[in-house]
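Here is a friendly first walk through a structure you may not have met before. Take a look at it, and then read on.

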Amino acid sequence: MVNTLILSAEGGPSPVLPHTSEIILGLVAFLILLFIISKFVAPRFEALYAERTAKIEGGIEKAEQAQAQAQKLLEQYKEQLAEARAEAARIRDDARAEGLQIIEELREQAQAESARIVAQGQHQLDAQRAQIVAELRADLGRTAVELASKVVGESLEDETRRRGTVDRFLNELDAVAAPASK
């Protein structure tokens, strides 16, 4: 009906509607083109699409493997870090213990040296005391002999008598001084 209206308005074939032979020829060309596209072009597109999909999936798989490997390396790093921290703590503790041991050894050496110095000083004091006591005894003996000679009026120059008298006097003096000092 549309054909009839278009033909009737102009009085001849319609410029919008093609001829039947052109429609058939266009349909045959379309079918040949469709066959060529489906036979040659589409499989290549499908192959490229499959290859690209495989690459993408392979890339994703590689990324997942890399992620897993990175996670594994991270765990190893954390373990090594924990071991290093434990080792550092152990070294610090060993150093502290060694430092305390060295301090204790130095303290013991200082105490031993102090005791040795005190003992040496005590020995020197005892030696000096003995020397001073001996000198004082001799001086005291001479002075006592002189005083006794003057008091008694008798000569106490005889060495044996003088020593006996002086020693007896000093012994009595020591006996009196010993209870008083305790």
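What follows goes from the overall layout to the confidence, then to a surface patch and some charged pairs.

**The overall layout**

First of all, what you see is a predicted model. The protein chain has 182 residues, and just 4% of them count as buried. Its accessible surface adds up to about 15,800 Å², with 62% of that belonging to carbon and sulfur atoms.

As for secondary structure, you'll find three helices and zero strands. Following the sequence from start to end, the pattern reads α-α-α. Helix α2 covers residues 20-152, and much of the rest of this tour takes place there.

**How far to trust it**

Averaged over the protein chain, the pLDDT is 83, and 84% of the residues get to 70 or more. Where is confidence lowest, and where is it highest? The low end is helix α1 (residues 2-10), with a mean of 48, while α2 is at the top with 89. Residues 1-8 have a pLDDT below 50, and this stretch makes five contacts in the model beyond its near neighbours in sequence. Where pLDDT is low, the predicted coordinates shouldn't be read in detail.

**A nonpolar patch and a UniProt annotation**

Now for the surface. A nonpolar patch is formed there by Ile24, Val28, Ile32, Leu33, Phe35, Ile36, Ile37, Phe40, Val41, Phe45 and Leu48. Together, these residues have about 1,000 Å² of accessible area.

Let's pick one of them, Phe40, which sits in helix α2. Is Phe40 buried or exposed? Phe40 has a relative accessibility of 52%, so this residue counts as exposed; the cut-off for that is over 50%.

UniProt has something to say about this part of the chain too: an unreviewed entry lists residues 23-42 as "transmembrane region". In the model, residues 23-42 are 100% helix and 0% strand. From one end of that stretch to the other, the C-alpha atoms are 25 Å apart.

**Charged pairs along helix α2**

The structure holds six salt bridges. Here are three pairs among them, with the distance between their closest N and O atoms.

| Salt bridge | Closest N and O atoms |
|---|---|
| Asp94 and Arg90 | 2.8 Å |
| Glu104 and Arg107 | 3.2 Å |
| Arg116 and Glu113 | 2.3 Å |

How are the partners spaced along the helix? Asp94 and Arg90 are both in helix α2, four residues apart, or about one turn of the helix. Glu104 and Arg107 also lie in helix α2, but three residues apart, again about one turn. Arg116 and Glu113 are three residues apart in helix α2, so about one helical turn separates them.

There's a bit more to the first pair in the table: salt bridges with shared partners link Glu87, Arg90 and Asp94 into one network.

And how open are these side chains to the surroundings? Asp94 counts as partly exposed because its relative accessibility is 39%, and Arg90, with a relative accessible area of 40%, is partly exposed too. In the next pair, Glu104 is partly exposed at 35% relative accessibility, and Arg107 is partly exposed at 43%. Finally, Arg116 comes out as partly exposed at 44%, and its partner Glu113 is partly exposed with a relative accessible area of 37%. These values fit the class in between, where buried means under 20% and exposed means over 50%.

**To sum up**

If you keep a few things in mind, let them be these: the chain has three helices and zero strands, confidence is highest in α2, and the structure holds six salt bridges.

How values were computed:
Residues are numbered from 1 along each chain as its sequence is written. This is a predicted model: local features need pLDDT of at least 70, side-chain atom pairs count only at pLDDT 80 or more; totals for chains, interfaces and linings use all residues. Side-chain values use heavy atoms; hydrogens and water are left out. Patches are made of residues with over 30% relative accessible area and no salt bridge: like charges are joined within 9 Å, nonpolar side chains (Val, Leu, Ile, Met, Phe, Trp, Tyr) within 5 Å. Accessible areas come from the Shrake-Rupley method with a 1.4 Å probe; for residues, only the protein chains shown count as cover. A salt bridge is a side-chain nitrogen of Lys or Arg within 4 Å of a carboxyl oxygen of Asp or Glu. Helices (H or I, at least four residues) and strands (E, at least two) are DSSP runs, numbered from the N terminus. Buried means under 20% relative accessible area, exposed over 50%, partly exposed in between (1.4 Å probe, protein chains only). UniProt positions are given in the numbering used here, feature names are shortened, and annotations may be inferred rather than shown by experiment. pLDDT is the predictor's confidence in each residue, from 0 to 100. Contact means heavy atoms within 4.5 Å.
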